[in-house]
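Please examine the sequence and the model shown below. The paragraphs that follow lead from the interior of the fold outwards, element by element.

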Amino acid sequence: MTINNPATYWDPLWTSGRRYRRLSLEEQQLTGQFLGAGHGRPALDVGCGDGVLARYLHGDLGYRTTAIDCSPAALKIAQAEQDTSDGPHFQRLDFETEDIRALPEAGYAAVTCRLVFAFIKDKAAFLARVRYLLPPGGTFWVVTPLAERLPDERKSIGISPQHAELLTASWSSVHSEDLDTLRCYALRP
């Protein structure tokens, strides 16, 4: 499913109290395994929603995390759930259409994209933007449902085999792990 105006689509859902898949212990372990300790290096969480992954990256793995989302309602929830002043930096930014030079860093040791890639309109352009922000040695961490593992009525929230191929093309290193209906990808330039 692609969304023409992401903020208009997501804002009412977040405002209505809609919540999405929580970060399970198994997903935390996979994220830690593939991203490693942050040691204060910068991380960018694209499409952060309520900030659950951003808080994990920042508080548990030790990254200096910037979390972006196009939805002001999602960011309001993320900021309200922040229990410390030393948490991720939340910023409203549509990664697909707005100037990424507005980000606080020129490059990131880790860029994450959790439950977002299936909704990206121009996936090739999105991937080019991610590559621009990842230096050698950086990791693009993607967690996404696979359409083939979902019931018919939910297939639109997963990626097709063709989109999985596009996602994993042209990286020097590609690792993936399955997590029920999800696949986790660690992609390196």
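**The central strand and its surroundings**

From strand S1, Pro-42, Leu-44 and Val-46 point one way, whereas Ala-43 and Asp-45 point the other way, and all of them are buried. The model described here is predicted. S1 covers residues 42-46, and 5 of its 5 residues are buried, so the strand is largely enclosed by the rest of the structure.

What pairs with S1? Strand S2 (residues 64-69) pairs with S1 in the parallel sense, over 5 bridges. S1 is also joined to S4 by 4 bridges, and these two strands likewise run parallel. Asp-45 illustrates both pairings: this residue stands opposite Ala-67 in S2 and opposite Thr-112 in S4. In general terms, the strands of a sheet pair through backbone hydrogen bonds, in either a parallel or an antiparallel manner.

These pairings belong to an open sheet of 7 strands, in the order S3-S2-S1-S4-S5-S7-S6, with mixed pairing. Its edge strands are S3 and S6 (173-179), each of which pairs on one side only. Neighbouring strands of this sheet are turned against each other by 15° on average, with direction ignored. Beyond S4 in the strand order comes S5. Strand S5 (residues 139-145) pairs with S4 in the parallel sense over 5 bridges, and one of the bridge partners is Thr-139 in S5, which is matched with Ala-110.

**Helices against the sheet**

The connection from S1 to S2 passes through helix H3 (residues 52-60), and the three elements make a right-handed β-α-β unit. H3 lies across S1, S2, S3 and S4, and runs at about 170° to S2. How much of H3 is covered? The helix is mostly covered, with 7 of its 9 residues buried. The buried residues in H3 are Val-52, Leu-53, Ala-54, Arg-55, Tyr-56, Leu-57 and His-58. Their cover includes the strands S1, S2, S3 and S4, together with helix H2 (25-35) and helix H4 (72-80). After H3 comes Gly-62, whose phi is positive, near 85°.

Helix H5 also lies against the sheet: H5 lies across S1, S4 and S5, running at about 150° to S5.

**Aromatic and charged side chains**

H5 also takes part in aromatic contacts. The structure holds 4 aromatic pairs. In one of them, Phe-95 and Phe-126 are arranged edge-to-face, at 5.2 Å centre to centre and with 70° between the planes. Phe-95 lies in the loop between strand S3 (89-92) and strand S4 (110-114), while Phe-126 lies in helix H5 (residues 123-133), so the pair ties together parts that are 31 residues apart in sequence. Both Phe-95 and Phe-126 are buried. With Phe-117, these two residues form one aromatic cluster.

Charged side chains also meet aromatic rings. The charged end of Arg-129 sits over the ring of Phe-95, 5.9 Å from its centre. In another such arrangement, Arg-131 lies over the face of Trp-171, at 4.2 Å from the ring centre.

**Two threonines in different settings**

Two threonine residues may now be considered in turn. Is Thr-139 buried or exposed? Thr-139, which lies in strand S5, has a relative accessibility of 4% and therefore counts as buried, the cut-off for that class being under 20%. Leaving aside neighbours within four places in sequence, Thr-139 is in contact with Phe-34, Leu-35, Ala-109, Ala-110, Val-111, Leu-134, Ala-186, Leu-187 and Arg-188. Among these contacts is Ala-110, which is also the bridge partner of Thr-139.

Thr-168 lies in helix H6 (residues 161-168). Because its relative accessibility is 23%, Thr-168 counts as partly exposed. Which residues does Thr-168 touch? Not counting residues up to four places away in sequence, Thr-168 touches Val-174, Tyr-185 and Leu-187. Leu-187 is thus a contact of Thr-168 and also of Thr-139. The C-alpha atom of Thr-168 is separated by 14 Å from that of Ala-125, a residue 43 places away along the chain.

Terms used:
Residues are numbered from 1 along each chain as its sequence is written. This is a predicted model: local features need pLDDT of at least 70, side-chain atom pairs count only at pLDDT 80 or more; totals for chains, interfaces and linings use all residues. Side-chain values use heavy atoms; hydrogens and water are left out. Buried means under 20% relative accessible area, exposed over 50%, partly exposed in between (1.4 Å probe, protein chains only). Contact means heavy atoms within 4.5 Å. Rings of Phe, Tyr and Trp (its six-membered ring) pair if their centres lie within 6.5 Å; planes under 30 degrees apart count as stacked, over 60 as edge-to-face and the rest as tilted. A charge sits over a ring if NZ of Lys or CZ of Arg is within 6 Å of the ring centre and within 35 degrees of the ring normal. Two strands pair if DSSP finds at least two bridges between them. A crossover is right-handed if, with the strands pointing away from the viewer, the path from the first strand over the helix to the second runs clockwise. Axes are lines fitted to C-alpha atoms, for helices over the stretch in contact, and angles run from 0 to 180 degrees between N-to-C directions.
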